Amino acid sequence: MLTRTRRNGIRPIQIGREVIALMDEQAQSGLDPVGHQYTIGLHKNDLSALTDALKPLMSELRQAIANHAKFEGYSLSGEAEVVLVEDAAVQNGSCAVTVAKPIATERPAPQSTPAAHKYSVLMADGSRHTLDGDLVTIGRQASCSIVIADSNISRVHARFRAGDNGWTIEDLGSTNGTKVNGVLITEPTLLSHGQLIALGTLQLQFEQA
């Protein structure tokens, strides 16, 4: 079983982000297909507060799983299923999202595009991380492609993606947001050499290697 936990207030949109982030974690670890059965554990007070909205909420979460899988090209192990349950181990204002891990095979390493080996990100301390492959995640979590031990960034904060037109960066529902040249981004944003990226308070620069 794989689990993610969310604290500091619970809203339906936050539950959805945790489910999607858990899908991404599975894919990044090489699982194919990713799981389709998600259980969301809530404190009894939060579950009670959502009682009237449970049916539409579960429907929206199932649709979000299907849409995200289609957008990212993930294979699901079955039709999306979501269950919300009371969990005595979860604090009020938190949620624990668990997926039933499917029987999986290793996903082949993605074919690199020409852009994948031409760019890197330069950190404020002078260290440099080459953007290898077509998809590079950055955050505090050990499963990220670039792991940064900084409390101001989220566990899976953002991702870089190589495409026909170059590299883009996308914020993954982080707490403190992502900026490109000082502008807060809300969708995948095309990058060019020399642009400054801020992940929360962490500063880095996108450069041609």
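## Strand β7 and its partners

Two strands count as paired if DSSP finds at least two bridges between them. In this predicted model, strand β7 (residues 119–123) pairs with strand β17 (residues 202–208) over five bridges, in the antiparallel sense. Val121 of β7 faces Phe206 in β17.

β7 also has a second partner. Strand β8 (residues 128–130) runs antiparallel to β7, and three bridges join them. Here Leu122 stands opposite Arg128 in β8. The two strands form a hairpin, with four residues between them. Gly126 lies in the turn and has a positive phi of about 95°.

How many of the five residues of β7 are buried? Four are, so the strand is largely enclosed by the rest of the structure. Buried here means under 20% relative accessible area.

## Helix α3

Helix α3 covers residues 54–72. At 1.5 Å a residue, its 19 residues should span 27 Å. The end C-alpha atoms are 27 Å apart, which agrees. After the helix comes Gly73, with a positive phi near 80°.

Which residues of α3 are buried? They are Leu57, Leu61, Ile65, His68, Ala69 and Glu72. These residues cover an arc of only 105° around the axis, which means they sit on the same side of α3. The general rule behind such a pattern is simple: an α-helix has 3.6 residues a turn, so residues three or four places apart point the same way. On the other side of α3, Lys55, Glu60, Lys70 and Phe71 are exposed.

## What α3 packs against

The buried residues of α3 pack against one helix, α1 (12–28), and against the strands β3 (37–42), β4 (81–86) and β11 (158–163).

The axes of α1 and α3 come within 10 Å and cross at roughly 35°. The crossing is right-handed. From α1, the residues that meet α3 are Pro12, Ile15, Gly16, Val19, Ile20, Met23 and Asp24. On the α3 side, the contacts involve Leu57, Leu61, Ile65, His68, Ala69 and Glu72.

## A five-stranded sheet

An open sheet holds five strands in the order β10-β9-β11-β12-β15. Its pairing is mixed. β10 (146–147) and β15 (189–190) stand at the edges. Each has a single partner strand, so one side of each is left without a neighbour in the sheet.

At the β10 edge, strand β9 (residues 135–139) pairs with β10 in the parallel sense, over two bridges. Gly139 has Val147 in β10 as its bridge partner.

Notes: Residues numbered from 1 in each chain as written. Predicted model: local features only at pLDDT ≥ 70, side-chain atom pairs only at ≥ 80, totals over all residues. Heavy atoms only, no water. Expected span 1.5 Å × (residues − 1). Buried < 20%, exposed > 50% of the residue type's maximum accessible area, 1.4 Å probe, protein only. Arc of directions from axis to C-beta. Contact = heavy atoms within 4.5 Å. Axes fitted to C-alpha atoms, helices over the stretch in contact; angles between N-to-C directions. Left-handed = near helix turned anticlockwise from the far one by under 90°.
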